[in-house]
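Student: Give me a close look at the pockets in this one, please. I'd like the main one and then the runner-up.

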Amino acid sequence: MRLQRVFRRPMARIGLIVAAVCIIAAAVPQKPSRRPAAEGQPAKRIVPAGIASFADVTRAAGLDFHLTCGGLEKRYIMESMCGGIAVFDYDNDGWMDIFLVNGSTLEDMRAGKCHPSKLYRNNHDGTFTDETAKSGLGHCGWGFGAAVGDYDNDGWEDLYVTYLNGAVLYHNNGNATFTDVTSRANVGNSGHWGTSAAFGDYDNDGYLDLYVANYVDLDLEHLPEFGKGPFCQYRGIPVSCGPRGLKGGRDRLYHNNGNGTFTDVTEKLNIDSGNYYGLGVLWLDYDLDGCLDLYVADDSSPSLLYHNDCKGGFTEVGSEVGLAYSADGREQAGMGIDSADYDNDGWPDIVKTNFSDDANNLYHNDHNGQFTDMAGATGFASVSIPFLAFGVKFLDFDNDGWKDIFVANGHVNPQVDQHSFGVTYAERPLLFHNLQGKKFDEIGMNTGPALTRRYVARGAATGDFLNSGAEDLLISVLDSSPVLLRNQTQKRGHWLRIKTVGTRSNLDGFGARVELKAGGMTQNAEVRANSSFESASDPRLHFGLGSATRVEFIVVHWPSGKVDRLQGEAADQELVVEEGRGVVARHPRR
């Protein structure tokens, strides 16, 4: 079945932006700084209020990576968009490892000089070892995003990396090395600048398919001149050009053939026929029909929601369901996206980040195929307006059973620091505490120095790097080192972590929906790795349990249609759940 686009502007809903602008002054970031905060002087220490505490442990952990992304003036659009992260267990030792994507500069790319991406192995003690040299992850190019998934169901996580010109699929050999299989697999995305990518089994045949968001088709020999033209200005000052005025790159959807190769079905399924500026990608089953749908955050154009008809086809319904435009009917500059059931009503909701001078979105799933942007009503919107947001992740930092939200911020134009606009190039992250699904309280300034510092942040990922039951954060920073934020929150509840292993379904269990009840609270979550901006996170499901010490029941709805029901599990452990067999391993807190 061919995809049919439904493209219709919605009626303006009750706007959140007008009300939010009234309190923008209260949310303006700190004064500008020319130096990346991670390398500058530490901010004045603020005593944590006890709700949350995160510490910067980057150097102690051994992450000696430096992200190169064009020149410091950011004269061209691609120089502001690097920062891919992959958090995954590449060696199957049960501990999350880290892959960081590196960029380049025009001069170095033309000269053939490489800025290597890096693979770090988790040493199980809070530190990491650089294993890049012997890993085989040596492609030389200007990199952007990373996606993780076991595309051939051999039990080892594979890696897909997007570049300014094309992409590379690395097959995990199972011996701590990878092999470039791009040509054989037919997923090279040739001639396109890819940003985010995501694996998901849209036809439930047991093999992971691949979606690649493409941003702008650039001619590197004829780049638009800095500050020259109607789309090369920001608040009246000259800046890099685009994306408006530049040719959009058409996204690609690759169907997994089950034999190590893929077929490009983009045209067949009428994917992204408008050639929009793709930045964020998310597979989710928003209507709970057992088939993965697809949401794409687009920059300066409508965001797209592809509804899966469970017969191998899609219909684009973003405008109809309320996910294409802002609440007042405007195109937004969508960047990063993630999904979770933030109010524990059993249905997946969506968060999306946007450009400065606009609010981020918090789309509530209304259970009827529609979404309502609740960013204003929940307190999530107003504080975000002066910030330019990229990576975004739901997480439960205090294990109370309610999903909190982390947002990584950083402007694209360093020139703003030369003007009194009320916005800065480097910006502090935002951490929102979920107040039982009704309100969000931004508490970043009260969580310790690490979240009060300013960064030009891009990618954001979560992972329990210590296997301790606490979700940590990792962000990438332009022209600087990444920031590994250790969750040191003292008043945390109990927890349960679930690793899914498919049999009839894809081996990763991507797309499985898990329902869990503990302490009288029922939670739901979907298994995925890829979301945020250009990033992949720990794919194991993390459930905060509050004061509950036992789980009453767990129900796993597999993509194949199989349902597994589990009873009476203890808290504070990881369960490995295999499709059709139930719990096959238990790992207490290590």
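Tutor: A pocket here is an open set of points on a 1 Å grid over the protein atoms alone, where a 1.4 Å probe fits and protein lies on both sides within 12 Å along at least five of seven lines; lining residues have an atom within 4 Å of a point. This is a predicted model, with local features needing pLDDT of at least 70, side-chain atom pairs counting only at pLDDT 80 or more, and totals for linings using all residues. Numbering starts from 1 along each chain as its sequence is written, and side-chain values use heavy atoms, with hydrogens and water left out.

The largest pocket holds about 590 Å³ (the space filled by probe spheres set on the points). Its lining has 27 residues, and Gly242, Pro243, Ser300, Ala333 and Phe355 sit nearest the centre. Sorted by type, that lining is 13 nonpolar, eight polar (Gly counts here) and six charged (Asp, Glu, Lys and Arg).

Now the runner-up. The second largest pocket has about 440 Å³ of space and 28 lining residues, with Asp89, Asn92, Glu157, Lys499 and Asp508 nearest its centre. Strands E3 (85-88), E32 (494-501) and E40 (573-578) each give two or more residues to this lining; strands are DSSP runs of E, at least two residues, numbered from the N terminus. E32 gives the most, with four residues. The lining of the second largest pocket splits into 13 nonpolar, six polar and nine charged residues.

Where does the second largest pocket lie? Domain 1 (54-496) and domain 2 (497-588) both supply lining residues, so the second largest pocket lies between them; those bounds come from an automatic or database domain assignment.
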